[in-house]
Amino acid sequence: MALTLYVDTARWRAHHKHVQEQFPGLVPVCKGNGYGFGHERLAEEATRLGSDVLAVGTTYEAARIKDWFGGDLLVLTPFRRGEEPVPLPDRVIRSVSSVDGVYGLVGARVVIEVMSSMKRHGVSEQDLPQLHSAIENVRLEGFAIHLPLDRTDGSDAVEEVIGWMDRLRAARLPLHTMFVSHLKAEELVRLQQQFPQTHFRARIGTRLWLGDHEATEYRGAVLDVTRVSKGERFGYRQQKAASDGFLVVVAGGTSHGVGLEAPKALHGVMPRAKGVARAGLATVNRNLSPFVWAGKQRWFAEPPHMQVSILFIPADATEPKVGDELVAHLRHTTTQFDRLVDR
């Protein structure tokens, strides 16, 4: 009895191929929890795609995944002097976002990140003259730019990249490879046409692994079902049942990521109104679970436990049976399954 991630493998891999065709030179990204699939599985899928480079989040992830992927590993977190040294093979490429960082990686393979409108990290235009001498002692694999997902000011992602290409060219820095993130396929084509001597390589994670929502599905197995009457006490806090119904114990708790949610950026009146409504219900211990039964998303009976959740199913709904599986709408990047089943 488990929280299971079911994968329509043929459909999932067909989507990978489609994305790869749209983005020639694609660099798959495998970071965090492996987008819900795990590092080992995504390393296997990247190998299946014939990828020569796999991007990971940290040096620790590179150390874990190096035995599962035989190509180059690009660490996305920028190098900082004084960081804990992690033994890594020569095929690991480090991202760098400062001139000092380049000087600190003598002999290493590096990708230099430029500061985009994300304002997260990267070298500035003022840093460019200093890079000439700095890159003499490293093996420069290219430059990189990480772009925002939304452009509420109406700006153009391609124009932002072009601006940086012009600055790098004016500084007489090598432009053989540019790693980019969060560009559309047609935007990448525009860039490649304008700069035919530069190899643009899109680093893609979410769109590649999670772009086809119908290819994957989480399900939690029903472990126990107990009938309760209105007013009857239950659970850790011994609260009263609001009406007649069933307490359904289902696989999937906080250790799996159930009940955990990253903050969301809300745009527009309706999403904000729904957010306020959810917050109001939470103050009276009414929290909607990710589990679906009989076509409806069901309420938690109480906050999820470590490995299971207890749901309240009203008496007018079909009674779940032990062994049934409930679809769960879970975020891949915050979920840890018990088992993965290809089908």
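Q: Given that a residue counts as exposed when its relative accessible area is over 50%, and as buried when that area is under 20%, is A294 buried or exposed?
A: In this predicted model, A294 lies in the loop that runs between β14 (288-293) and β15 (296-300). Its phi is near 55 degrees, which is a positive value in a residue other than glycine. Because its relative accessibility is 52%, and the cut-off is over 50%, A294 counts as exposed.

Q: Which loop holds R172, and at what relative accessibility does R172 count as exposed?
A: R172 resides in the loop between α6 and β8 (177-181), and, although R172 is not a glycine, its phi is positive, near 60 degrees. R172 counts as exposed because its relative accessibility is 69%.

Q: At what angle do helix α1 and helix α2 pack?
A: Two packed helices are described by the angle between their axes together with the distance between those axes. For helix α1 (residues 9-22) and helix α2 (residues 39-48), the axes are 11 Å apart and the packing angle is about 60 degrees. That makes α1 oblique to α2, since angles under 35 degrees would count as roughly parallel and those from 65 to 115 as roughly perpendicular. The angle asked for is thus stated as about 60 degrees.

Q: How many charged residues are there in the contact of α1 with α2?
A: On the α1 side the contact is formed by T9, W12, R13 and H16, and on the α2 side by R41, L42, E44, E45 and R48. These residues divide into two nonpolar and two polar, and the charged ones number five.

Q: What is the handedness of the crossing where α1 passes α2, and what is it where α6 passes α7?
A: The crossing of α1 past α2 is right-handed. For α6 passing α7, the crossing is likewise described as right-handed.

Q: Which residues of α2 are buried, and which elements do they pack against?
A: The buried residues of α2 are H39, R41, L42, A43, E45 and A46, and among them R41, L42 and E45 also take part in the contact with α1. After α2 comes G50, a residue with positive phi, near 80 degrees. The partners against which the buried residues of α2 pack are α1, β2 (27-28), β3 (53-56), α3 (59-65), α8 (206-210) and β18 (339-342).

Q: Are α6 and α7 roughly parallel or roughly antiparallel to each other?
A: The axes of helix α6 (residues 157-170) and helix α7 (residues 185-194) come within 10 Å of each other and cross at roughly 30 degrees. Because angles under 35 degrees count in that class, α6 and α7 are roughly parallel.

Q: How many nonpolar residues are there in the contact of α6 with α7?
A: From α6 the contact draws on A157, V158, E159, V161 and I162, and from α7 on E187, R190, L191 and Q194. Three of the residues in this contact are charged and one is polar, while the nonpolar ones number five.

Q: What percentage of the residues in the protein are buried?
A: The secondary structure comes to nine helices and 18 strands, and the C-alpha trace spans about 75 × 45 × 40 Å along its principal axes. The accessible surface comes to about 17400 Å², with 52% of it belonging to carbon and sulfur atoms. Of the 343 residues in the protein, the buried share is 48%.

Terms used
Residues numbered from 1 in each chain as written. Predicted model: local features only at pLDDT ≥ 70, side-chain atom pairs only at ≥ 80, totals over all residues. Heavy atoms only, no water. Axes fitted to C-alpha atoms, helices over the stretch in contact; angles between N-to-C directions. Helix = DSSP H or I, 4+ residues; strand = E, 2+ residues; numbered from the N terminus. Parallel < 35°, antiparallel > 145°, perpendicular 65-115°, else oblique. Left-handed = near helix turned anticlockwise from the far one by under 90°. Contact = heavy atoms within 4.5 Å. Nonpolar A, V, L, I, M, F, W, Y, C, P; charged D, E, K, R; others polar. Buried < 20%, exposed > 50% of the residue type's maximum accessible area, 1.4 Å probe, protein only. Areas by Shrake-Rupley, 256 points an atom, 1.4 Å probe, with all protein chains shown as cover.
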